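Here are some short exercises to work through with the model open beside you. Try each task before you read its solution.

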Amino acid sequence: MQASLARRAAAEFAGTCLLVAAVIGSGVMGERLAGGNVAIALLANTIATGAALVALILTFGAISGAHFNPAVTLCDAMERGIARRDLFAYIPAQITGGIAGAAIAHLMFGLPIFSLSQHTRHGGAQVFSEFIATFGLMAVIWGTSRARTNLVPFAVAGYIMAAYWFTASTSFANPAVTIARALSDTFAGIRPADALAFIAAQFAGAISATILFRWLVPSLPSVAPRVLLPHEAESGSPMKTFIFACVHNAGRSQMAASFFNLYAEPGCRAISAGTQPAERVHPEVAAVMQEIGIDLSHAKPQRLTEELARGADVLVTMGCGESCPYVPGLRVIDWALPDPKGQPIDRVRAIRDQIHEQVKSLLKEQCAECVAGTCK
């Protein structure tokens, strides 16, 4: 398990290192060959960066997801695409990889290993540009990872190449790259004094895009294991997705998915859905879950579609019967549970506790390799 995380962190280090080497190195080469024409230098920098992104995402994507970007990693962790504790491996690997990439680029062009950049990039327009650049990057990642995973490397590279030109900041869109470029007094550099505002805007942009897509695509957690490309879970085996489905997605399925995700490690995750989703979770259900520290007050019921079911490994039904979509090869488990809607609070508590026990048993039977130690 630890070796798998070490391999993924090493992939993030190597990928970010090569990405930064490409960004800084192409900037130096472009400036030297452009004869003072900044547009030509930027064009060379753009093309090299885009080409490197495609190649590096394809190279390392199946190992670590090819984030190469702390803002992307943070947002993937927000949606449980990777374990939150893995942030402490991924992000340091990305930052140190970026710094190593800057050193490599400097050595290749006979420059000092590190030199603090004097390239001024400040002001509200530049900082806002970084917000937009990273917002757009994260939106592209979430959107394409959901629908066309095989095209993600090309979509990401295409967006970054475009953002080099339509943003005033030339689209850093990456805190690790920003730190590395602050250590490079070259065409691609940024003054350390300006870097902090860029980094704050980048995280804000990425998180904002994730919140938007959480609303646009309620099944977003099912996408997270494929950011940027499908990759190994911590155990080294593919991600398992369980869908808990009832009629209104406002009671039983919400409770079951919440318990499942409470105990499951990143190798397994749960989504809840309904064949006729309600507007909100039943108040009595939200109340009894709040009693044990699980907040469902902001949970949004979603429709169980054939597309959603097709991406699952196991479908657990609770009362939706024949209205649940049929997907050939999908394992279906049916739980005979009463509907908590409109029931006395003591009865709802009993249903909650029954679901709690059934979820723990399901995890131990179907996903034992990724059950947290708290599931007893």
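**Exercise 1.** Trace the open sheet and find its edges.

*Solution.* Start with the order: 4 strands make an open sheet, E2-E1-E3-E4, with parallel pairing. Strands (E, at least two residues) and helices (H or I, at least four) are DSSP runs numbered from the N terminus, and two strands pair if DSSP finds at least two bridges between them. Next, look for strands that pair on one side only: these edge strands are E2 (268–274) and E4 (331–334). Finally, zoom in on E3 (residues 314–317), which pairs with E4 over 4 bridges; here Thr317 stands opposite Asp334.

A word on the source: this is a predicted model, in which local features need pLDDT (the predictor's confidence in each residue, from 0 to 100) of at least 70, side-chain atom pairs count only at 80 or more, and totals for chains, interfaces and linings use all residues. Residues are numbered from 1 along each chain as its sequence is written, and side-chain values use heavy atoms, leaving out hydrogens and water.

**Exercise 2.** Locate the largest nonpolar core and its main supplier.

*Solution.* First, the size: this core has 51 residues, being a set of buried (under 20% relative accessible area, 1.4 Å probe, protein chains only) Ala, Val, Leu, Ile, Met, Phe, Trp, Tyr and Cys residues joined through side-chain atoms within 4.5 Å. Then the supplier: helix H2 gives the largest share, 8 residues. Among the residues with the most contacts inside the core are Ile57 and Trp142.

Notes. Buried < 20%, exposed > 50% of the residue type's maximum accessible area, 1.4 Å probe, protein only.
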